[in-house]
Amino acid sequence: MKVSYYPGCSLHSTGLEYGQSTKEVLQILDIELEELPDWNCCGASSAHCTDEVLAIELATRNLVMAEDAGLDLVIPCAACFQRFKVAEKHITEGKEPAIETPYQGKVPIKHLLDFLVEEENLKVIKEKIKKPLNGLKAVCYYGCLITRPPKVTDAKHHENPQAMDELLSLLGMEIYPWSYKTDCCGGSLMLSRPDIVAELSGKLIQMAEDAGVDCVVTACPLCQANLDTKQAVISKNLGREVRFPTFYFTELLGLALGSEKVGKWTGKHIVNARDLLKSQGLL
Amino acid sequence: MPSESVIVPDHTWLAEMGKSSGENASICYQCKTCSSGCPVAFAMDLLPHQIIHMIQMGLKDEVLKSASIWLCVSCESCTTRCPNNIDVAKIIDALRMASIKSGLKLGEKRPSIFHDSVLLSIKKTGRLYELGMIGIYTLKSGDMVSNIKSGSLLEDAKVGWKMFKNGKLKLIPKRIKGRKEIKNLFKKLKRGESA
């Protein structure tokens, strides 16, 4: 199988290990990725706060390339995915202001997580599991933009999404029910109001600890970065040492599929996540 | 004579906002679902339902000067849950644009400087160049000084250094071939052709 691939800026930088583990996992699953040839930034949070047309046009330039390729478009970043869906709906629903573009809205735009839990892909994953992750306890953290707003994302279960739960359970992990699956980490306020991010991400980390799991698993580079990099500040706020491991779901999928690179990916995290895997005899 | 606490509604701005956001704020019946689910409510000066009410009342300057419109993280909880299907997050986007246009002093300037820094980077290279963006943001926002004072600079530097060592912050920006196309999109913005 072959799909178009839009990594987005974060997967080449702050979410480097998300990009690397995505590529590795899809290679193991015999899914060929064709990166959009000259992709540009989707505009992320900043374009839509500044100018609606600019935001849609930045995303649409990529969609035009994807339409030329004629394949499904797979996007691992939650923010990029949502901006592409916003552009798609704006154009196909003929919203104002009208956008001048050859894009016809024919590209199936899929977040990587939703793509991987398609029946056919789940079947292949199940067959290729080499190292079940039995005993590893986690909560699934989806964040905001994979599911919201559902009129844009077409999410089936926007308040209680299931894709990651389903996938990680298949790998043998013990997934705990959690009320914070789609709560916000503070997103793009990372630099401008780190105090707010520490408050929101701090709550998520505490709630994961309270749930009694070993780690939080994410599907968005901004969520992972906020949860992982703010723990020194969170520790200061709470007056105790907080060192709670976070993962990208692709890192754990790679581990279960027998990839040798998991140590390298998780070594890029700020909070040590490798020791948890080692203590469970998984690494 | 009316007392000072009486607000005489002025619907001109309501209509203007309806046009710029494409959303009808007048159908809000103040159920407060938006504010109840807003993750940033704890830090806001005006809550989302209050903002919508103030649009109905025509309290333009008060809303455009509020910190809240810049603290909104666009998590889309309000938009998703509004029983009247008002796209509250889209209204907030339109308010941010109106706030910049108005020339009023922003209630919270740092998120706006952040967005400008991100867009400058995209305009130049076609992609987000993190290190450059962080540099521009830090200089323009004056965060360097406040971070030195609060001691958080050291903590940030530790995290930043680890990210740099791990290859997460690149020294050289990646420039796409279609930079001219991207610049043209921004030119339209500058000429005010966009909404």
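Author: Two strands are said to pair if DSSP, the program that assigns them, finds at least two bridges between them, and the strands themselves (E, at least two residues), like the helices (H or I, at least four residues), are DSSP runs numbered from the N terminus. The model is predicted, so that local features need pLDDT of at least 70 and side-chain atom pairs count only at pLDDT 80 or more, while totals for chains, interfaces and linings use all residues. Residues are numbered from 1 along each chain as its sequence is written, and chains are lettered from A and ligands numbered from 1 in the order in which they are written.

Reader: How do you know that β5(A) and β7(A) pair, and in which sense do they do so?

Author: DSSP finds 4 bridges between β5(A) and strand β7 (residues 215-218) of chain A, and since at least two are required, the two strands count as paired, in the parallel sense. Within this pairing A:C140 stands opposite A:V217.

Reader: What makes β5(A) and β6(A) a pair?

Author: Strand β6 (residues 174-175) of chain A is joined to β5(A) by 2 bridges, which meets the requirement of at least two, and these strands run parallel. The bridge partner of A:K137 in β6(A) is A:E174.

Reader: Why are β6(A) and β8(A) called edge strands?

Author: The open sheet has 4 strands in the order β6-β5-β7-β8 of chain A, with parallel pairing, and β6 and β8 (246-248) each pair on one side only. Strands of a sheet pair through backbone hydrogen bonds, either parallel or antiparallel.

Reader: What makes β5(A) mostly covered?

Author: A residue is buried if 20 or more other C-beta atoms, placed from the backbone, lie within 10 Å of its own, exposed if 12 or fewer do, and partly exposed in between. In β5 (residues 137-141) of chain A, 4 of the 5 residues are buried, and across chain A buried residues make up 59% of the 283 residues.

Reader: Why is B:G142 called exposed?

Author: B:G142 has 12 other C-beta atoms within 10 Å, and because 12 or fewer is the condition, it counts as exposed. B:G142 is placed in the loop between α9 (130-141) and α10 (143-150) of chain B, and its C-alpha atom is separated by 9.2 Å from that of B:R110, 32 residues apart along the chain.

Reader: How do you know that chain A is as compact as a globular protein of its length?

Author: The radius of gyration, taken over C-alpha atoms, is set against the globule rule, 2.2 Å times the number of residues to the power 0.38. For chain A, which has 14 helices and 8 strands, the radius is 18 Å, close to the 19 Å that the rule gives for 283 residues, and therefore chain A is as compact as a globular protein of that length. The C-alpha trace of chain A spans about 55 × 45 × 30 Å along its principal axes.

Reader: How many residues does each chain bring to the contact between chains A and B, and what are those of chain B?

Author: Two residues are in contact if their C-beta atoms, placed from the backbone, lie within 7 Å, and the contact takes 48 residues from chain B and 46 residues from chain A. On the side of chain B that touches chain A, α8 (110-125) of chain B gives the most, with 7 residues. The residues of that side divide into 24 nonpolar, 11 polar and 13 charged, where Ala, Val, Leu, Ile, Met, Phe, Trp, Tyr, Cys and Pro count as nonpolar, Asp, Glu, Lys and Arg as charged, and the others, Gly among them, as polar.
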